[in-house]
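Reader: I would like to know how the words used for this structure are arrived at. Please take me through the reasoning one term at a time.

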Amino acid sequence: MDREKVIEIDDRLQHIAFIMDGNGRWANRRGMPRELGHKKGVEVFTDITEYCHKIGIKYITVYAFSTENWKRPQKEVESIMKLLDEYLDKSASEDACVRFIGDSSRLDPALAEKIRLMEEKTRNGTRVLNVALNYGSRAEIVNAFNKLAAAGKREITEQDICSALYTCGCPDPDLIVRTGGDLRISNFLLWQAAYSELYFTDTLWPDMTSKDVDLAIEDFYSRKRRFGGLDKK
């Protein structure tokens, strides 16, 4: 990721979320085990998040593992968890606050403890990286309502719900980028995506580069975001 900065980022674009799709297909097309596609995907994840922070994106959220991904072959799931474990062993960037969002109860206790330690180590970071792990948006919303009910809430506002979501403290994503060619958001940030701009690309995640990020950002800035209102004259 040694390309020069080509896009000026302003406050209209603070938060980008990525649905990192296509690792398995990338490997299959090369006659490789799917696990190697996920390994390459982790390398690209590091490059892309570093590039986004370099050009001034304050918040990044990545869809790493969904609640539905447990249905995949056990060997593939174990490989993904091993890659996550290796990622946690690496030193985190000093200025990035790494947060894992999702239900950690199903994770191996040792892995969950590593996650806790990384979150503690990076909690004072000036920029935010949310890693959605064992994450499903419907489950997140149910969890938020149960949390509010347990606190005795009877009249619940939108702000109450926002405060109980995993992403509390982060602005909603301005731009959601999905790689891999599918045209859906797959139970990802359903509440938070109410007014997000959606960008879909056929590029598989392991082929994603900073140039592809630039294209998504250029497309974002070409759009008019009215949030239900009219264009200003």
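Author: One term comes first: contact means heavy atoms within 4.5 Å. The model is predicted. By that rule Ile48, Tyr51 and Cys52 in H2 are in contact with Ser210, Val213 and Asp214 in H7.

Reader: How do the residues of the contact of H2 with H7 divide by class?

Author: There are 4 nonpolar, 1 polar and 1 charged residues in it.

Reader: What makes H2 oblique to H7?

Author: Helix H2 and helix H7 (residues 210-221) pack at an angle of about 50°, and their axes are 10 Å apart. Angles under 35 degrees count as roughly parallel and those from 65 to 115 as roughly perpendicular, and the rest, short of roughly antiparallel, are oblique. The angle of about 50° falls in neither range, so H2 is oblique to H7. The crossing of these two helices is right-handed.

Reader: Why are H2 and H3 called roughly parallel?

Author: H2 and H3 pack at about 30°, with their axes 9 Å apart. The cut-off for roughly parallel is under 35 degrees. An angle of about 30° meets it, and therefore H2 and H3 are roughly parallel to each other. H2 passes H3 in a right-handed crossing.

Reader: Which residues make the contact of H2 with H3?

Author: From H2 come Arg34, Glu35, His38, Lys39, Val42 and Phe45, and from H3 come Lys75, Glu76, Ser79, Ile80, Leu83 and Tyr87. By class they divide into 5 nonpolar, 2 polar and 5 charged.

Reader: Where do the axes of H3 and H4 come, and at what angle do they cross?

Author: The axes come within 10 Å and cross at roughly 35°. H3 passes H4 in a left-handed crossing. On the H3 side the contact is made by Met81, Leu84, Asp85, Tyr87, Leu88 and Asp89, and on the H4 side by Leu111, Lys114, Ile115 and Met118. These residues comprise 7 nonpolar, no polar and 3 charged.

Reader: Now the aromatic rings. What describes a pair of them?

Author: A pair of aromatic rings is described by the distance of the centres and the angle of the planes.

Reader: How many aromatic pairs are there?

Author: The count comes to 8 aromatic pairs. In one pair, Phe45 and Tyr87, the ring centres are 5.5 Å apart and the planes stand at 75°.

Reader: How do you know that Phe45 and Tyr87 are a pair, and why is the pair called edge-to-face?

Author: Centres must lie within 6.5 Å, and 5.5 Å does, so the rings pair. Planes over 60 degrees apart count as edge-to-face, and 75° is over 60, so the pair is edge-to-face. The pair links distant parts of the chain, with Phe45 in helix H2 (residues 34-54) and Tyr87 in helix H3 (residues 74-89), 42 residues apart. Both Phe45 and Tyr87 are buried. Elsewhere, Tyr63, Tyr135, Tyr166 and Phe188 form one aromatic cluster.

Reader: Why is Asn134 called buried?

Author: The relative accessible area of Asn134 is 5%. Buried means under 20%, so Asn134 is buried. Asn134 lies in strand E4 (residues 127-135).

Reader: What is the phi of Asn134?

Author: Asn134 has a positive phi of about 50°, although it is not a glycine. Most residues other than glycine have a negative phi. Asn187 also has a positive value, with phi near 60°.

Reader: Is Asn187 buried or exposed, and how do you know?

Author: Its relative accessible area is 16%, which is under 20%, so Asn187 is buried. Asn187 is placed in the loop between strand E5 (175-178) and strand E6 (197-200).

Reader: What makes Ser104 partly exposed?

Author: Partly exposed lies between under 20% and over 50%. Ser104 has a relative accessible area of 47%, so it is partly exposed. Ser104 is in the loop between E3 and H4.

Reader: Why is Asp108 called partly exposed?

Author: The value for Asp108 is 46%, which is not over 50% and not under 20%, so Asp108 is partly exposed. Asp108 is found in the loop between strand E3 (96-101) and helix H4 (109-122).

Reader: And why does Glu86 count as partly exposed?

Author: Glu86 has a relative accessible area of 37%, in between the two cut-offs, so Glu86 is partly exposed. Glu86 lies in helix H3.

Terms used
Residues numbered from 1 in each chain as written. Predicted model: local features only at pLDDT ≥ 70, side-chain atom pairs only at ≥ 80, totals over all residues. Heavy atoms only, no water. Helix = DSSP H or I, 4+ residues; strand = E, 2+ residues; numbered from the N terminus. Buried < 20%, exposed > 50% of the residue type's maximum accessible area, 1.4 Å probe, protein only. Phe/Tyr/Trp six-rings, centres within 6.5 Å; stacked < 30°, edge-to-face > 60°. Axes fitted to C-alpha atoms, helices over the stretch in contact; angles between N-to-C directions. Parallel < 35°, antiparallel > 145°, perpendicular 65-115°, else oblique. Left-handed = near helix turned anticlockwise from the far one by under 90°. Nonpolar A, V, L, I, M, F, W, Y, C, P; charged D, E, K, R; others polar.
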